Amino acid sequence: MTSTSGPAGAVPPAVPLRGDGSPARLLVVDDEESLADLLVEALSFQGYTVTAARSGTEALSAVESARPDLVILDVNMPGLDGFGVADRLRAAGDATPIIFLTARTAPDDLRDGFGSGGDDYLMKPFRLEELSLRVSAVLRRTIGREAAPGQQPADTVAVADLILDLAAHQVTRDGTTVDLSPTEFRLLRYLAANAGRVVSKSELLKQVWGYDFETESSLAETYVFYLRRKLDKLGPRLIHTVRGVGYMLRPPQE
């Protein structure tokens with residue numbers, strides 16, 4: 001698999017910095033050595049601190065030792081694949097952001113990936129420029145996200161029987177706790193804050209994922225699918241599709 005670079009003269013985004021001022025740390029996981037080396041070289045050249053792993057087992061060890069700020073994770077690896085790595089990290093309480101690299105196109109495969117706790121994905125083959133933009137976007141919203149207690153919002157958002165506790169990052173519906181990933185929570189929070197208004201997919205990509213560049217992505221519809229699956233089993237549908245426009249969260253109509 002070969003990946004093409006971005007347009008000639010394209011300027012990569014500035015490297016997000018950690019709290020101590022050092023460059024963000026990336027972990028590249030791919031059993032295809034040539035691609036892994038290409039990504040390590042390209043991202044290191046941009047200023048990131050990059051390490052690599054060649055298998056799912058190596059990836060789990062590398063996350064523990066290198067403590068990356070983001071993992072670029074190939075899905076199709078022998079043995080423990082990318083989805084399995086994500087499952088184990090999330091089961092252990094590790095919330096390190098993950099961007100999947102995948103040649104799989106079936107909707108069920110993509111949903112399995114996001115169900116494993118992925119934050120984004122790129123289809124192979126891809127452009128290095130777009131990977132760089134997506135890495136930067138994910139890191140901008142995740143590095144330094146742990147605010148001081150006094151800075152955290154202390155209010156709640158309620159739509160019908162759905163209640164979001166913004167300080168505790170907890171969601172309940174009809175008194176039942178709804179277990180959401182950080183990305184699912186951000187998406188639901190934005191939809192709830194704009195309840196009664198149609199929100200376009202492009203707006204969601206910008207406001208929830210930080211994508212201020214043009215990209216073809218099914219992120220929004222995939223995560224809406226997950227939210228519906230978790231919320232709809234507890235009551236009437238709250239998130240509605242407005243065809244050709246976007247999504248609206250509103251109370252059930254009598």
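Me: Under what definition do rings pair, and how many aromatic pairs does a search of the whole structure find?
Reply: Rings of Phe, Tyr and Trp, the last by its six-membered ring, pair if their centres lie within 6.5 Å. The structure is a predicted model. A search of the whole of it finds this number of aromatic pairs: four.

Me: Is the aromatic pair of Trp209 and Tyr223 stacked, edge-to-face or tilted?
Reply: The two ring centres are 5.5 Å apart, and the planes make an angle of 55°. Planes under 30 degrees apart count as stacked and those over 60 as edge-to-face, with the rest in a third class. The pair of Trp209 and Tyr223 is therefore tilted.

Me: How many residues apart are Trp209 and Tyr223, and where do they lie?
Reply: Trp209 sits in the loop between α7 (201-207) and α8 (219-231), while Tyr223 belongs to helix α8. Both residues are buried. Ring pairs also join them with Phe225 and Tyr226 in a cluster. The separation of Trp209 and Tyr223 along the chain is 14 residues.

Me: Which residue forms a salt bridge with Lys124?
Reply: A search of the whole structure finds 17 salt bridges. In the one formed by Lys124, the closest N and O atoms are 3.4 Å apart. Lys124 lies in the loop between β5 (120-123) and α5 (128-142) and its partner in the loop between β1 (25-29) and α1 (33-46), so the pair ties together parts 94 residues apart in sequence. The partner is Asp30.

Me: Is Lys124 buried or exposed?
Reply: Lys124 has a relative accessible area of 18%. The cut-off for a buried residue is under 20%. Lys124 is therefore buried.

Me: Which residue of helix α6 meets Lys230 in a salt bridge?
Reply: The N to O distance in this salt bridge is 2.8 Å. Lys230 lies in helix α8 and its partner in helix α6, so the pair ties together parts that are 46 residues apart in sequence. Lys230 counts as partly exposed at 24% relative accessibility, whereas the partner is buried at 3%. That partner is Glu184.

Me: How many of the twelve residues of α6 are buried?
Reply: Helix α6 covers residues 182-193 and reaches 16 Å from its first C-alpha to its last. Its buried residues include Glu184, Phe185, Arg186 and Tyr190. The helix is largely enclosed by the rest of the structure because its buried residues number nine.

Notes: Residues are numbered from 1 along each chain as its sequence is written. This is a predicted model: local features need pLDDT of at least 70, side-chain atom pairs count only at pLDDT 80 or more; totals for chains, interfaces and linings use all residues. Side-chain values use heavy atoms; hydrogens and water are left out. Helices (H or I, at least four residues) and strands (E, at least two) are DSSP runs, numbered from the N terminus. The expected span of a helix is 1.5 Å times one less than its number of residues. Buried means under 20% relative accessible area, exposed over 50%, partly exposed in between (1.4 Å probe, protein chains only). A salt bridge is a side-chain nitrogen of Lys or Arg within 4 Å of a carboxyl oxygen of Asp or Glu.
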